[in-house]
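This briefing is meant for someone meeting the structure for the first time, and it goes through a few local features topic by topic. Please keep the sequence and the model at hand while reading.

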Amino acid sequence: MNSTASERDNEPATASPAAANAEGAAIHPEKWPVLERKALDPKIEARIDEILARMTVEQKVGQTIQADSASVTPEEVKKYRLGSVLSGGNSAPGPLAYADTQTWLSAADGYWDASVDPEGVELAIPIIWGIDAVHGHANLLGATVFPHNIGLGAARDPELIKQIMQATAQEIIVSGHDWTFAPTLAVPRDDRWGRSYEGFSETPDIVVSYSDKIVEGLQGEYGTANFLANGRILSAAKHFIADGGTEGGRDQGDALISEEDLRDIHATGYLPALAAEVQTVMVSFSSWQGIKMTGNKALITDVLKDRMGFNGFVISDWNAHGQIPGCSNTDCPQAFNAGIDMFMAPDSWKGLYESTLRHVRSGKISMERLDDAVRRILRVKLNYGLFDKARPSERPGAGNIDILGGEEHRALARRAVRQSLVLLKNQNQALPLQTKQKILVIGDAADNIAKASGGWTLSWQGGDHSNDEFPNGQSILAGIKEAVEAEGGEVIFDPQGTSGAKADVVIAVYGEDAYAEFQGDRDHLDFETKAFDTGRLSKYREQGAKVVSIFLSGRPMWTNPEINASDAFVAAWLPGSEGGGVADLLFQTKPEYDFTGRLSFSWPKTADQPKLNPDLPDYDPLFAYGYGLSYADKISVARLSENSGLDKNAIGDPTVFLTGGKIQNPWSLYGIINGTQTRMNALRWDGGALAFSTTDRNAQEDSLKVEWRSGGPALRISTHNPVDFSRHSNADMALTFYARNMGEGPAKLSLGMECNDSDNCTAFVPVNVDGNGWNRYTVRLSCFTDKGLDLGKIRTGFSLQSDAPATIALSDVKISPGDAGTKSCGKDS
């Protein structure tokens, strides 16, 4: 998260980033839509004038800062008079990534009380608390978890979406929050993007039909008595703009598209949300034509605020300002001058507050710009009636745990599951199934609510949670049992499908493991799983059983072998906590039930078709946008080619070991303690003498924290099959990584590479990690070959050992060109 780049002090404070670039990257506001600017309430504007006149400059700057609840105390909220607190996906109060109602409410009251404490100020301004409730309030224990947006897009039902958002608002109020960072109005154009499931569709049409309904469900309808009334919360349209249009589908990447595509594909979904008076807009991490959105004055100020008439406030994403050239996480006047009104500065807030105050006093940030930002923030708070609200725990609906997972909200979620499922194959009308049969349920996702819910569920990345942590949820398996056993049928559950049990029907539930943001970015769309062997499906058909596949994913994927092995194949997306909705359609538990979901993302014919959009040339999907079967459709799916279109030998870059918070294929992470080797399935493990967890460098949880509690243990990044790095010994190639010392003294480590086939095929060099900041370390490969290492058969590409207690953070481990002039066989930062 830290940057060593220095501020460009000579840059004009009002310079437009677009104007400073090549003509091809310029924005022409006059070519963008004009929205009718709503008349401002004169009473509210007069009150803002009164409040501004009573505020100190320190208070004004404080209002523009949002800190994460894991990094700020109520006392600090009072001292710095911060405008907002957020809770990131892993930042719930207490020991877990999520919390129960009372724990949330206690924290909410603490921050509220601190913010309204009048000590030391003429007028105290209440705080607003935001959270990512993107498919229900999924960081609250017992809340209803709705399908992710990709499934809701397949439902094609704006009124359903509005009802879901109203239910979400009610559950958010239970925990004392004011604001959800939703809706995501991205139009994902490359399905390799790790946030594809947060988009409703690959075309803007569905997004346009949903965006105002989402805002109305959360905030109420503008111009009516229910607008921001009790039972409503603040909404944030995000991520402005083109986060779904980046090159290669890379999260936080660069959208190398024309201004016309930027406007006509990626901006249109914002127009109905703005017309519905969405109160906040969050700007994207990503870039357009090399310009970071967070610093793009032409788009934020000239287009969004001036041309489109947005009168609410603009917030940045998680430390996104630190990615602007010339900025760091703790210093970025460029973003503020571009039009950011509130910084999301989770752990950098104090330094950012201090530097922003300094820039205001020096004139680099004008008082006019500061007052405009604070006016916008106060306008939203006054529209929301915040100054007249009680403590969070005393508001109508607060603490009402009966509403969480209540009958009405669960029924709504179950209906949403039914409407989101897309039937891709139904050979010989295999569905609906009869209940009075022997049903064998297999697959690692069948009895796993967390996997069915995906990322942003109980924790940021989701997935690593038991069904007990969803007290008001139902797994897909439980829904199947409910439907079958009530009618006299029998259900056998065999997760791995290895028991040899015979059955009339096999229902296989499997799919992608949970992920969020950049940790879900992929290089291709080939579905690969180690958790469940889908090759078993064909054997069941050979034995005479009917096979039905329920495929869980955050994007369409190449699944031709699985489709071939199934009589029926259902794209279930990420349905959430109401697994019974799947059973409703498998068994048509009511006569009126049928498959009505239709693809809002085209389904690929090969695994190398990530940009498969109906408006592009050479559009050649397996199942086209809008496809989807109903029970009565007699459409036969012929046997599909099982050639993925990928060169299997080219999948995965063996020169990259750790990046973006993930160990890269073909490598795996191991911990070695007293000669015992343990393989990690995630970057979180506590082995006593050695522990792994995640930490931040440039983005949330993009790095590995390694703690040696005693000397001796080692971490290894290894692979089963040896990798040939002999060609990398030519030129000045090096083993490179970023590291930061997090312990009390210097970390004196041994860095090695190993063949693991003989005692003399290993080599280590000393590396000392000291200082508090991130440094780049480079060790030439020749340092290892000089010690006898054979680069032609590497099984451990990166190993770190410590002979004493130490703690470091580790990021971006790879083989890459060494720094110019690199001579040493140790640290060179």
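In this predicted model, helix α8 spans residues 259–266, and its buried residues are E259, L262, R263, I265 and H266. The elements that cover these buried residues of α8 include α7 (204–219), α9 (270–275), β8 (287–288) and α10 (297–307). In general, an α-helix has 3.6 residues a turn, so residues three or four places apart point the same way.

**Packing of two helices**

- Helix α6, made of residues 158–174, packs against helix α14, made of residues 407–420, at an angle of about 145°, and the axes of α6 and α14 lie 11 Å apart.
- The crossing in which α6 passes α14 is left-handed.
- On the α6 side the residues that meet α14 are L160, Q163, I164, A167, Q170 and E171, while on the α14 side H409, L412, R415, A416 and Q419 meet α6.
- Sorted by class, this contact of α6 with α14 is made up of 5 nonpolar, 4 polar and 2 charged residues.

**Disulfides**

- How many disulfides does the structure hold? The structure holds 2 disulfides, and, in general terms, a disulfide is a covalent bond between the sulfur atoms of two cysteines.
- One disulfide is formed by C327 and C332, whose sulfur atoms are 2.1 Å apart, and the link of C327 and C332 is right-handed, with 65° about the S-S bond.
- C327 counts as buried because its relative accessible area of 1% falls under the 20% cut-off, and C332 counts as buried because its relative accessible area is likewise 1%.
- Another disulfide joins C755 and C761, with their sulfur atoms 1.9 Å apart, and both C755 and C761 are buried.

**The surroundings of D567**

- D567 sits in the loop that runs between α18 (560–564) and β17 (568–573).
- Is D567 buried or exposed? D567 is buried, because its relative accessible area is 14%, and a residue is called buried when that value is under 20%.
- The side chain of D567 is joined to the side chain of R541 by a polar contact of 3.1 Å.
- Leaving aside residues up to four places away in sequence, D567 touches K425, N426, Q427 and A430, and D567 also touches R541, A545, K546 and V547.
- R541 therefore appears in two ways in the surroundings of the buried D567, as one of the residues that D567 touches and as its partner in the side-chain polar contact.

Conventions
Residues are numbered from 1 along each chain as its sequence is written. This is a predicted model: local features need pLDDT of at least 70, side-chain atom pairs count only at pLDDT 80 or more; totals for chains, interfaces and linings use all residues. Side-chain values use heavy atoms; hydrogens and water are left out. Helices (H or I, at least four residues) and strands (E, at least two) are DSSP runs, numbered from the N terminus. Buried means under 20% relative accessible area, exposed over 50%, partly exposed in between (1.4 Å probe, protein chains only). A polar contact is a pair of N or O atoms within 3.5 Å; within protein, one must be able to donate a hydrogen and the other to accept it, and residues adjacent in sequence count only if both atoms are side-chain atoms. Contact means heavy atoms within 4.5 Å. A disulfide is a pair of cysteine sulfur atoms within 2.5 Å. Axes are lines fitted to C-alpha atoms, for helices over the stretch in contact, and angles run from 0 to 180 degrees between N-to-C directions. A crossing is left-handed if the near helix is turned anticlockwise from the far one by less than a right angle, and right-handed if clockwise. Ala, Val, Leu, Ile, Met, Phe, Trp, Tyr, Cys and Pro count as nonpolar, Asp, Glu, Lys and Arg as charged, and the others, Gly among them, as polar.
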